[in-house]
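Welcome! Take a look at the sequence and the model below, and then we can walk through a few of its places together.

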Amino acid sequence: MTKIKAWISAARLRTLPLSVSGIIVGSALGYQSFIGTGIFWLAIATTLGLQILSNFANDYGDGVKGTDNEDRVGPQRALQSGAISKKEMFRGIIITALITLGVSIALIYVSFGAANFLYSIFFFLLGLASIVAAIKYTMGSSAYGYKGLGDIFVFIFFGLVSVVGCYFLFTKHLSFLIFLPAITIGLLSATVLNLNNMRDHISDKKAGKNTLVVKLGINRAKKYHLSLLILAMLSMLLYLLLTYDHWVNLLFLLSFIPLLIHIKKVINTKNTELLDPELKKVALTTFLLSILFSLGQIL
């Protein structure tokens, strides 16, 4: 594997559509002509930077701790395979963090300018918190991913912060209703992480990575998984009930079909290692939901 291919692999491109789902939803709710705006594209770039940063940090953290070993079920990581050294990956993490911070500052400036200084400070601190959260998932002695807290952080940053934050960048105000689709995106993002942890629960337990799945046990983790999916769909249905005004608002319901098929798959699958293909399916379904939901808002 060449270095370029190794870095592309470490960036885990299949995770990127899920990461921008919240930005798409928040932008559509905040501004109907969002696609042509600098705010939208800078928000997309910031989120992609955070996701890639998180992927690099996870590769480094799990690699250094020995969690990525021969017991791991998913694709081999860059550090694990030796394609990228520890020093190179650490340097990549620093560079990605700095670039992401720079893009986030540009986003804040385009959104608020000099007229909303307090908003700018708040979002700058939020950007720093997002970068720290992306790094600390598996890196360091206090990595929260090793304490079963990954789901909470994913829900907050890829759900609430992504959707509500992006909505605020456009509108400069908040609405209670915005939190409903934000909850949906956050729960579905946590669903993808839970799938990953169910797949890896045996190797994680051996390595001392106490994810929520390891703490709950696989049977209760499955129930938790189904709860995430059901609550995600109910939250979006409640938003539909409170805001419906045209049939196009119903478009996102099409994305419920693969989610319901996924629920059946999880219930019927005994060997959780076989759930690996479901990660991509749920991630892409969340992206599909964000597209269909946004179309329903702007058409």
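## A pocket and what lines it

A pocket here is an open set of grid points with protein on both sides within 12 Å along at least five of seven lines, and a residue belongs to the lining when it has an atom within 4 Å of a point. Keep in mind as you read that this is a predicted model.

With that in hand, let us visit the second largest pocket, which holds about 210 Å³ of space. Its lining consists of Tyr-119, Phe-122, Phe-123, Leu-126, Leu-160, Val-161, Val-164, Gly-165, Phe-168, Leu-174 and Phe-179. By character, ten of these residues are nonpolar, one is polar and none is charged. Which helices each supply at least two residues of this lining? They are helix 6, covering residues 117-136, and helix 7, covering 150-171. Helix 7 gives the most, with five residues.

## Helix 1 and its two faces

Next, go to the start of the chain, where helix 1 spans residues 3-11. Its buried residues are Ala-6, Ala-10 and Ala-11. These residues lie on the same side of helix 1 because they cover an arc of only 140° around the axis. The face turned away from that buried side carries Ile-4 and Lys-5, which are exposed.

What covers the buried residues of helix 1? The cover includes helix 2 (16-30), helix 3 (38-65), helix 4 (78-81) and helix 5 (86-112).

## Two loop residues with positive phi

Just after helix 1 comes Arg-12, in the loop between helix 1 and helix 2. Arg-12 has a positive phi of about 50° although it is not a glycine.

Further along the chain, Lys-172 also deserves a look. Lys-172 sits in the loop between helix 7 and helix 8, the latter running over 179-199. Although it is not a glycine, Lys-172 has a positive phi of about 65°. Is Lys-172 buried, exposed or partly exposed? With a relative accessible area of 26%, Lys-172 is partly exposed, since that class falls between under 20% for buried and over 50% for exposed.

## Two serines in touch

Back on helix 7, you can find Ser-162. Its relative accessible area is 6%, so Ser-162 is buried. Setting aside residues up to four places away in sequence, Ser-162 touches Ser-19, Gly-22, Ile-23 and Phe-157. One polar atom of the Ser-162 side chain lies 3.2 Å from the backbone nitrogen of Ile-23.

Ser-19, one of those partners, belongs to helix 2. Ser-19 counts as buried because its relative accessibility is 1%. Beyond four places in sequence, Ser-19 touches Thr-47, Leu-48, Gln-51, Phe-158 and Ser-162. Where does the side chain of Ser-19 reach? It reaches the backbone oxygen of Leu-16, at 2.6 Å. You can also compare Ser-19 with Gly-49: they are 30 residues apart in sequence, and their C-alpha atoms are 9.8 Å apart in space.

## Two threonines on helix 13

The last stop is helix 13, made of residues 276-298, where Thr-286 has its place. Thr-286 has 0% relative accessibility and therefore counts as buried. Which residues is Thr-286 in contact with, leaving aside its neighbours within four places in sequence? Those contacts are Leu-18, Ser-21, Ile-185 and Leu-188.

Thr-285 is found in helix 13 as well. At 8% relative accessibility, Thr-285 counts as buried. Not counting residues up to four places away in sequence, Thr-285 touches Ser-255, Pro-258 and Leu-259. The side chain of Thr-285 reaches the backbone oxygen of Lys-281 at 2.6 Å. As for Leu-188, which is in contact with Thr-286, its C-alpha atom is separated by 9.2 Å from that of Thr-285, and the two residues are 97 apart along the chain.

Note on methods:
Residues numbered from 1 in each chain as written. Predicted model: local features only at pLDDT ≥ 70, side-chain atom pairs only at ≥ 80, totals over all residues. Heavy atoms only, no water. Buried < 20%, exposed > 50% of the residue type's maximum accessible area, 1.4 Å probe, protein only. Helix = DSSP H or I, 4+ residues; strand = E, 2+ residues; numbered from the N terminus. Arc of directions from axis to C-beta. Contact = heavy atoms within 4.5 Å. 1 Å grid on protein atoms, 1.4 Å probe; cavity = no way out; pocket = protein on both sides within 12 Å on 5 of 7 lines; lining within 4 Å. Points joined across faces, edges and corners; volume = space filled by probe spheres on them. Nonpolar A, V, L, I, M, F, W, Y, C, P; charged D, E, K, R; others polar. Polar contact = N/O pair within 3.5 Å; in protein donor to acceptor, adjacent residues only side chain to side chain.
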